[in-house]
Amino acid sequence: MKKWWNFAALIGASLSVSSCVDPYEPEIITEAQNYLVIEGALNSGAPTELRLSRTVGLADPNTYSPERFAVVSVESDGGNMIYLTGNANGIYTAPDLDLNPAHRYRLRIQTNTSGEYLSDYVTLKPTPPIDSIHWVQTAEGVQLYVNTHDPLGSTRYYRWEYEETWEVRAPYRAEFEYVDRQIVPRDPIPPRLCWAQENSAQVLIGSSARLVRDVIFNQPLVFIPHTSWKLSQRYSLLAKQYALSREAFEYYQQLKKNTEETGSFFDPLPVELRGNIYSVNNAQEPVIGYFDAGSVQEQRIYIDGSEVNPWGYRVRCDIVMVSPDSLDFYFGGGTLQPLYKDDEGNYYGSENIDCYDCSAKANPVKPDFWE
Amino acid sequence: MKRVLVCYIACLALLTARAQERQPGQLTANFNGASFEQFVQEVEKQTGYYIYYAPLQTDSLQITASFLNSPLTVVLEQVLQNTGLEFALDPVSAVIFISQGQKISTSLPEGFFHQKASQSAKEQQIVIDHFEGNTNRLREKEDKVVEIGRKTPTITPGMARISGQIRNAQSGELIIGATVQIDEPFSGAATDALGNYTLSLPKGRHILKVRSVGMQSREYRIILYSDGRLDLELRDQVDQLKAVVIQANREANVTQTSMGVEKMDIRAIRKVPTVMGEPDVLRVMLTLPGVKTVGEASTGFNVRGGSVDQNLILFNEATVYNPAHLFGFFSAINSDVIEGVELYKSSIPARYGGRLSSVLKISPRWGNKKKVEGKAGIGLLTSRFTIEGPIVKDRSSFILGGRATYSNWVLRLLDNAEFRNSSGSFHDLNLNLTHELDQRNSLYLTAYYSKDQFKLRSDTLWGYENKNATLKWKRIFSNKLEGEFTTSFSRYNYGVNSDSEPISAFALSFDINQVNGQAGFIYSLDARHTLQFGLSAIHYKLKPGSFLPLGEQSEVRADVLEPEQALETALYLEDEFDVSDKLTLTLGLRYSLYNYLGPKQVISYASGLPRSENSMLDTVAYAAGSFIKNYHGPEYRLSARYLLSPTLSVKASVNSLRQYIHMLSNTTAVSPTDIWKLSDPNIRPQFGQQVSLGLYKNFRNGLIETSLEGYYKKINDYLDYKGGAELIMNHAIEAEVINTEGKAYGAEFMVKKSSGKLNGWLSYTYSRTLLRMDDPNAGELINRGNWYPANHDKPHDVTLIGNYRFSHRFSVSLNCTYSTGRPITLPIGKYWYAGSERVLYADRNSYRIPDYFRTDIALNIEGNHNLKQLTHNSWTIGVYNATGRRNVYSTYFVSEGGAIKGYRLSIFGTIIPFINYNIRF
């Protein structure tokens with residue numbers, strides 16, 4: 001509803017002919033709030049990864065403040081205890097665990113500032129496998145969907161994450177470079193084949209609670225606009241599916257509404273969010289995140305550029321021909337880079353680094369899984 | 001009882017004995033503290049007269065006197081002096097009648113027997129008006145004794161009823177809220193919205209006092225024989241007459257049964273300085289205890305912790321859905337066409353219902369029935385014009401009023417292209433007609449139209465409109481029974497058109513249509529009971545939203561929400577019961593029935609699950625006219641007043657109310673685009689209960705009124721919204737709202753001096769309004785299901801309104817208000833989660849914006865008071881927000897350069913001067 005404010009301010013301004021907007025820094029905002037944030041789930045049959053961080057002040061240029069040196073453990077009501085090992089990014093991991101589904105589990109965290117946090121006990125909720133990931137191309141782009149079902153009808157609430165990987169190809173070999181007013185062969189030749197990666201940044205949840213059968217059909221995962229570079233060569237998506245408890249589902253739903261579905265024309269007011277992890281020392285201290293336990297199901301698909309022809313993205317190279325007597329004029333500035341030459345001694349160059357070096361935007365190391 | 005005095009029998013006995021007259025006897029006796037019985041025995045023994053008397057009336061008398069051959073008449077005169085007893089001596093039959101108050105006539109008037117037949121025929125009628133066809137129009141006959149009812153030579157003890165109308169002697173306008181009363185025994189009544197009053201008095205002689213704000217008070221000597229009609233006229237208070245003191249409703253504070261009623265006459269409203277010098281009904285309401293608003297630019301007001309949609313705003317019985325212009329800067333009610341407003345905060349009369357918190361009744365003013373008059377006002381941003389006059393002299397009149405704004409010129413002055421290309425305007429029109437068909441039947445018609453339109457930059461157009469019309473027929477069936485039959489129509493609609501991008505150009509619209517019919521009766525059962533009863537029906541039709549492409553190039557997908565309709569009917573009965581002089585009860589019961597009607601497709605949800613897209617089970621289509629869901633229940637309206645002394649009373653009331661239509665708003669301030677929703681199978685009606693207790697004391701003969709009221713209120717099934725709720729164009733809005741319970745409590749203290757050179761009021765309110773989500777299926781509960789303050793929870797509030805009249809032409813008004821800052825939800829940090837940066841919010845409404853303080857001053861200058869001049873003019877000059885304080889209206893947070901920054905917005909960032917010129921002709 002910001003436009004309303006603006007308009008109200010406008011009326012006010014028109015009445016008073018003076019500015020009415022002042023900076024506002026209530027004490028609580030300048031105060032550094034660093035509540036603990038816990039993200040991740042306990043997995044059975046796959047590695048467990050929990051991410052611990054701290055909230056930061058609104059004005060803080062950093063958005064991620066890892067929580068290091070915490071003692072993170074998962075304990076079962078059967079008395080077992082599993083410790084996770086942390087790294088500098090606040091990521092605490094445990095290898096593949098084989099957990100007893102008859103037990104309930106909870107998370108215990110002791111921070112190095114002697115704060116102690118404990119989650120509610122949660123039960124292991126097995127995740128049914130992904131049935132398929134499929135995609136549909138329209139004039140606007142490609143939409144990827146996930147399908148799944150639980151024949152037992154006991155899952156009902158689902159969450160997905162995905163990892164996108166795509167091949168990036170530079171169309172030209174940069175065989176030369178201009179060094180000390182000389183054209184010399186370039187060594188090494190910049191990589192022309194790379195891979196870029198992106199993870200889901202939205203809360204993706206779905207439910208079959210209103211259906212008779214526990215089926216998720218055509219749940220949208222990601223949309224790739226027609227002009228995106230992701231599908232110009234080859235693209236792969238790894239979908240991860242998690243079964244959620246109802247409470248966890250509600251938490252994610254609220255999180256989504258609070259932080260993703262605002263900023264529109266009619267902004268609703270936000271609400272505060274509470275998960276299932278609490279501070280042992282201070283019950284009033286907010287703790288962000290929801291601890292859930294279960295398993296993960298994954299499926300990877302590939303989409304080749306040839307399958308979505310014609311795709312709307314192409315690297316613009318604007319090749320410039322430079323005759324041998326003008327080399328210094330064109331290449332001396334450093335923006336135009338020589339790529340190749342013809343039989344008559346003319347050099348061809350491009351100003352766009354993406355035309356000859358994919359490592360500017362992506363990683364030249366081929367991922368292990370890439371097919 | 002020794003001897004029963006039966007007048008009629010005695011009278012008949014007298015007739016037979018008329019021939020044998022005797023000389024009254026003489027008495028010689030010495031009484032020293034003798035009882036009346038001893039006195040009677042002595043008289044009967046010495047004179048042979050027989051004395052009829054009522055022992056109950058005489059048993060407290062002690063007689064100390066000595067007589068020597070004193071005539072019986074002298075003896076009786078002396079003995080009964082200052083006792084209130086009268087005697088009648090009939091020498092023919094040698095009897096003496098002792099009676100209280102009224103002397104008994106011992107002979108019949110001439111022609112008694114010949115008249116008798118015709119009189120008994122007349123007695124068969126319920127009411128006999130001695131003056132029928134020759135109304136008691138009081139003009140200049142104050143010194144005369146007015147006789148009311150069927151004149152009889154003797155007055156039988158008992159009660160009789162006077163009813164009539166009170167009018168302005170100059171304009172013929174009916175006067176609302178004028179009081180008619182007698183002091184001994186104390187009894188009084190006030191005129192209703194149509195200027196009618198009814199008053200029950202003991203038969204006999206009285207001094208009737210008639211008072212009204214701004215009018216000269218009058219006293220009339222009357223003799224009340226039986227039920228009858230008395231129309232009265234009052235003259236305008238002319239300021240030169242210093243001796244006349246306005247005493248309007250002085251006792252009402254203490255004596256009326258209802259609690260939490262705030263009456264404001266338009267003259268009082270005009271005295272309060274407002275933002276642009278334009279008299280504003282709603283702004284003045286905000287200065288009263290228990291009435292609050294979230295901020296300057298909000299359309300609504302909150303009464304005793306209720307939400308904005310819980311106020312029923314009635315303009316001559318038609319509901320006004322959006323009473324504000326320009327985001328609440330001005331009220332949408334033209335002050336020139338209204339008589340006054342009444343706000344019911346706790347004792348809501350049984351004839352009103354459908355909203356939980358309050359009823360704001362705006363009474364239209366009726367035109368001058370004697371001559372054509374006009375008024376015009378010119379201000380910096382708005383002007384208004386009114387013309388009124390008779391259609392048929394003394395019988396029918398019209399009043400036509402309009403207002404318009406020309407605020408755009410201010411926008412043009414601004415050094416900002418966005419503002420320069422914006423525009424805002426509003427106008428409203430009123431037409432009030434009244435026609436008196438005859439003495440018993442009158443017709444009243446009001447029509448109202450208001451429109452607001454804003455253009456933001458040059459591509460987005462916002463607008464909203466109110467349209468209302470009411471036709472009322474009032475019939476006096478008899479002096480005991482009168483009825484009002486009303487039909488009205490209300491429509492509110494808004495729209496947003498945007499064509500900034502031809503591809504995405506859209507037109508969004510919403511409207512509510514409401515048709516009312518009601519019949520209400522007032523029946524004066526006897527001296528102790530006045531009954532009000534009736535029934536009402538409202539048919540609602542809502543078009544909850546349509547989102548359509550605008551222009552040929554638009555590729556917007558048309559989306560129209562299915563209309564919804566409902567019928568709300570109610571029956572009510574209320575008895576105002578005077579138990580004794582001190583104790584009065586108002587016992588009201590209202591039974592309301594609500595039917596949600598087809599055609600409509602209704603979504604059902606899995607029980608035990610939070611209502612959301614994920615728990616939808618089925619969609620059921622209902623046929624047109626089918627009753628999809630019915631809700632009904634009783635509503636209690638009980639209040640009591642006990643007079644501890646003539647100037648001190650204690651009152652208590654218990655109220656319950658039901659509300660079937662809800663406004664859904666998830667923005668802090670009410671905006672014109674908030675939507676209204678009818679109760680349906682998924683959304684239960686709201687239910688509210690309130691108990692209040694108050695103490696009222698008047699000082700200095702009613703010049704200073706004080707009151708202290710406390711209340712506790714409970715609200716069930718109030719609708720709050722889920723976090724991140726989207727309300728506009730939502731096909732399953734029930735999934736976005738959560739049933740919430742609310743409680744509000746507080747104490748209101750007020751000191752008021754309504755007349756004199758210095759007048760005004762000071763009010764202090766302590767109040768809390770807390771909400772709690774108590775829906776087990778709500779999923780994530782706001783603030784973990786704990787109580788949290790509502791948006792309009794401002795615990796402390798002090799308001800001072802003062803007027804000082806330096807002379808007849810100059811007066812100064814001051815409005816000073818302080819309140820605690822309202823609660824807000826603030827972001828308190830940010831964090832990384834699920835692949836993205838996210839903002840962390842604190843508990844809802846756990847912080848407050850800075851406290852609010854504002855002072856406004858206005859100077860009113862009247863032109864000269866020569867009554868004969870052609871036009872009268874006046875100026876109002878003043879400043880709004882005289883201290884220039886930047887009161888925070890709202891705060892918001894935006895991401896700038898990677899950091900989130902906070903801003904606070906003040907609507908009025910500085911001192912705002914204003915000037916207004918008014919002319920009357």
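This is a short tour of a predicted model with stops in chain A and chain B.

**Stop 1: the two chains**

Colour by chain and start with chain A. Its 371 residues hold four helices and 25 strands, and 39% of the residues count as buried. Among chain A contacts with a separation of 6 or more, 68% join residues 24 or more positions apart.

Now switch to chain B, where you will find ten helices and 57 strands. Of its 921 residues, 45% are buried. Residues 24 or more positions apart make up 66% of the chain B contacts with a separation of 6 or more.

**Stop 2: helix α3 of chain A**

Select residues 246-259 of chain A, which form helix α3. If you like a quick check, pick the end C-alpha atoms: they are 20 Å apart, which agrees with the 20 Å expected for 14 residues at 1.5 Å a residue.

Next, show the surroundings. Eleven of the 14 residues of α3(A) are buried, so the helix is largely enclosed by the rest of the structure. Among the buried ones are F249(A), Y251(A), Y252(A) and L255(A), and the list also includes E250(A) and K257(A).

What lies over these buried residues? From chain A, the cover includes β13 (157-169), β17 (204-207), β19 (234-244) and β21 (292-294). Chain B contributes too, with β51 (836-841).

**Stop 3: from β21 to its strand partners**

Keep β21(A) selected and add β10, residues 122-125 of chain A. β10(A) and β21(A) run parallel, paired over two bridges. Zoom in on L124(A), whose bridge partner in β21(A) is A293(A).

Then add β8, residues 104-110 of chain A, which pairs with β10(A) in the antiparallel sense, again over two bridges. Here, look for Y105(A) opposite V122(A) of β10(A).

**Stop 4: helix α4 of chain B**

Move to chain B and select residues 72-80, helix α4. Its buried residues are L72(B), V75(B), L76(B) and V79(B). Why do they share a side of α4(B)? They cover an arc of only 95 degrees around the axis, which puts them on the same side. The spacing fits a familiar rule: an α-helix has 3.6 residues a turn, so residues three or four places apart point the same way.

Rotate the view to the other side of α4(B), where E77(B) and Q78(B) are exposed. Back on the buried side, show β1 (26-35), α2 (36-47), β3 (62-71) and β4 (85-90) of chain B, against which the buried residues of α4(B) pack.

For a last click, choose N82(B), which follows α4(B) and has a positive phi, near 60 degrees.

Note on methods. Residues numbered from 1 in each chain as written. Chains lettered and ligands numbered in written order. Predicted model: local features only at pLDDT ≥ 70, side-chain atom pairs only at ≥ 80, totals over all residues. Buried ≥ 20, exposed ≤ 12 C-beta atoms within 10 Å, placed from the backbone. Arc of directions from axis to C-beta. Contact = placed C-beta atoms within 7 Å. Expected span 1.5 Å × (residues − 1). Pairing = 2+ DSSP bridges.
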